Amino acid sequence: MALFMVILGLFVLVLCICTALLRWNEMRYRKKGLPPGTMGWPVFGETTEFLKQGPNFMKNQRARFGSFFKSHILACPTVVSMDPELNRYILMNEAKGLVPGYPQSMLDILGKCNIAAVHGSTHKQMRGALLALISPTMIREQLLPKIDEFMRTFLSNWDNKVINIQEKTKEMAFLSSLKQIASAESGSVAQEFMSEFFKLVLGTLSLPIDLPGTNYCRGLQARKNIVRILGQLIAERRASEESHKDMLGYLMRKDDSNRYKLSDDEIIDQIITILYSGYETVSTTSMMAVKYLHDHPRVLEELRKEHMALRDRKRQEDPIEWNDLKSMRFTRAVIFETSRLATIVNGVLRKTTQEMELNGFVIPKGWRIYVYTREINYDPFLYPDPLAFNPWRWMDKSLESQSYFLIFGGGTRQCPGKELGIAEISTFLHYFVTRYRWEEVGGEKLMKFPRVEAPNGLHIRVSSY
């Protein structure tokens, strides 16, 4: 009996402490003018609920507080905006004090010079350097030939095999980018680089608590190893004085052809940014396209017809060229519909550099604003029958130019690598659907938040077409 009373007493004490902490944290953020909402626990806020419940957490908060509410996620007080018009205003007004506000874990691991971390003149310099690497001319003349050569080889010898398409598309996205960045050395550094890069990716979306065994700690260590690999690569190239026609070669040029001369640290952060920004969207969109095509035979038939017609116009050894890419209208529609329905990117983060008024509320300086675009993708007024996989809706080109089209971000920060990513996915799909047919093995579970992934892999049995 005495033991029971002690246990009961401890339980009541813990309950009282928890209640007091929650109440204290709510009182801290009960400043006049703030939007409605809840803030959760001190330090951790509502991060656990946000990551575990994802879209349901957002829907519940919206039902309670409306489309503009406060929370505390990923170690920062945050205002969540789910209003399309307000979202557009936020994304278009960086100059008015709404700068990128990505989680501290992402900024620490991707580097202080990465394009998401900087703004003003520094952002202009870094974005200019990035756009010079992935301009339409560079894609046409330099990058697309490398992508085509890589995809041809990567997608060979899959016949009569059971493969994990999630694992394969991750390798594909990383190795394809690495070939574009450092073509001469891509083979020699690929394995060591890839294992570290996958740890880096996991660390970017984690609580910034530097304890052994955490994803954040592993991500920081992976960054150190990647900086070492890239630093050594730059030093070796500089010592050899050879010229290279790849992204790294262009970034290292000191002549007048390179308008954006960067330091070695800036070059390294730029390379990490290129790898990171393209990796998840390309790999996941490719995996989910394979999934949706398998589940929708009519779409697969239309896509295959487009690519077979393209192959009939070319010899077997002829590569995919710029004009071929531009003719893949249905392929582009499949990529957009996959990105919309799977929702690879849930939203965009901004941060206030000064106290400001938004939507009738006062947002303190230093708060993050989460432009949550996920629900827009399923709005029946914008996309009739929104849960249906219907690429034909994108054959109307005007849909791509609508103000609510935020699949690739928006405003001055729209993804600069959009067309390069589409080129990579299109080339992957071309060689995949013209060479193979496939069926799923195992029916593995898919998760769609906070990342789109198959926790146990997505296995398919491949046979020649």
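## A mixed sheet and two residues to look at

Let's start with the sheet: five strands make an open sheet, ordered S1-S2-S8-S5-S3, with mixed pairing. Its edges are strand S1 (68-73) and strand S3 (98-100), each of which pairs on one side only. Ignoring direction, neighbouring strands here are turned by 35° against each other on average. Pairing here takes at least two DSSP bridges between two strands.

This is a predicted model, where local features need pLDDT of at least 70 and side-chain atom pairs count only at pLDDT 80 or more, while totals for chains, interfaces and linings use all residues. Numbering runs from 1 along each chain as its sequence is written, and side-chain values use heavy atoms, with hydrogens and water left out.

Back to the strands: S1 and strand S2 (residues 76-81) run antiparallel to each other over six bridges. Within that pairing, serine 71 has threonine 78 in S2 as its bridge partner.

Two helices pack on the sheet, as the table shows; contact means heavy atoms within 4.5 Å. Angles run from 0 to 180 degrees between N-to-C directions, with axes fitted to C-alpha atoms, for helices over the stretch in contact.

| Helix | Strands touched | Angle of directions |
|---|---|---|
| H3 (residues 55-65) | S1, S2 and S8 | about 135° with S1 |
| H4 (residues 84-92) | S1, S2, S3, strand S5 (347-352) and S8 | about 125° with S8 |

Zooming out, the protein has 16 helices and ten strands, taken as DSSP runs (helices H or I, at least four residues; strands E, at least two) numbered from the N terminus. Of its 465 residues, 53% count as buried, that is, under 20% relative accessible area, with exposed over 50% and partly exposed in between (1.4 Å probe, protein chains only). Among contacts between residues at least 6 apart in sequence, 71% join residues at least 24 apart.

Now for aspartate 148, which sits in helix H7 (residues 136-154). Is aspartate 148 buried or exposed? Aspartate 148 is buried because its relative accessible area is 3%. Its side chain reaches the backbone nitrogen of isoleucine 320 at 2.9 Å, a polar contact (a donor-acceptor pair of N or O atoms within 3.5 Å; for residues adjacent in sequence, both must be side-chain atoms). Leaving aside residues up to four places away in sequence, aspartate 148 touches Pro319, Ile320, Thr427 and Tyr431.

Cysteine 415 lies in the loop between strand S8 (368-372) and helix H16 (418-435). With a relative accessible area of 31%, cysteine 415 counts as partly exposed. An unreviewed UniProt entry places a "binding site" feature at Cys415, though such annotations may be inferred rather than shown by experiment.
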